[in-house]
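Thanks for coming, everyone. I would like to walk you through one structure this morning, starting from a single pair of side chains and working outwards.

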Amino acid sequence: PSDDSEGELIAKSISEGESVLEIGCGAKKTVAGAIGLDRIPAGELIPNLQGALSVADIVGNADSIPSDSNTYDVVIARHVLEHCLDLVETLREWKRVLKPGGRLIIAVPDEDLIRGIPMNIEHVHAFNRKSLAKLAKAVGFETFAHYDPKNGVSFVSVLEKAGKINMTLDRAYEGDCSVIPLDAYVVRGND
């Protein structure tokens with residue numbers, strides 16, 4: 001058994017030939033062939049990661065990606081969103097680089113399982129499935145699904161950019177998914 005069940009779940013959902021951008025790739029990309037974006041240039045030491053070297057292909061920030069619009073079939077952001085100050089602008093930027101029908105795959109600490117902010121002093125936001133769904137709807141993503149990587153820390157969510165409807169992680173984890181219409185999380189009354 002792997003100690004990266006989250007990465008395995010995500011990797012199984014990527015088809016051969018899909019263009020993939022991994023935001024905050026750090027020292028290891030989730031899928032071979034992905035374009036890695038990180039603030040630390042390739043080959044340089046990543047602070048606080050015990051001698052790990054960056055594997056970034058592109059140097060940049062999560063909220064300002066040096067790529068053309070509508071470039072990638074898939075954008076992966078594992079444990080990045082909780083570090084971003086302006087969530088709406090960051091998600092809009094990630095959506096900008098996705099092709100129509102492209103998928104944004106996000107992994108974040110699950111606030112329903114752990115206290116995400118105290119676990120890392122660099123975390124400025126915390127999420128559970130409901131809060132991330134509301135945010136996704138506000139930014140204009142069409143569909144939303146949650147997956148449990150069974151690691152006791154995080155959840156993985158898939159958002160689809162408006163346009164051609166694409167498949168999600170369902171093909172990798174048949175039935176191990178809760179697909180929730182975004183309208184289910186719209187605040188009504190005293191929610």
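Lys95 sits over the face of Phe141, 5.5 Å from the ring centre, where a charge counts as over a ring if NZ of Lys or CZ of Arg is within 6 Å of the ring centre and within 35 degrees of the ring normal. Please keep in mind that this is a predicted model, in which local features need pLDDT of at least 70 and side-chain atom pairs count only at pLDDT 80 or more, while totals for chains, interfaces and linings use all residues. Residues are numbered from 1 along each chain as its sequence is written, and side-chain values use heavy atoms, with hydrogens and water left out.

Phe141 also appears among the contacts of Leu104 beyond its neighbours within four places in sequence, and that list includes Val75, Leu91, Trp94 and Val158 as well, contact meaning heavy atoms within 4.5 Å.

Leu104 and Trp94 are in turn among the residues with the most contacts inside the largest nonpolar core, which has 28 residues; such a core is a set of buried Ala, Val, Leu, Ile, Met, Phe, Trp, Tyr and Cys residues joined through side-chain atoms within 4.5 Å, and buried means under 20% relative accessible area, with a 1.4 Å probe and protein chains only. A second, separate core of 14 residues includes Ile10, Ile105, Ala107 and Tyr147.

Stepping back to the whole protein, 46% of its 191 residues count as buried, and of the contacts with a separation of 6 or more, 63% are accounted for by residues 24 or more positions apart.

How values were computed: Buried < 20%, exposed > 50% of the residue type's maximum accessible area, 1.4 Å probe, protein only.
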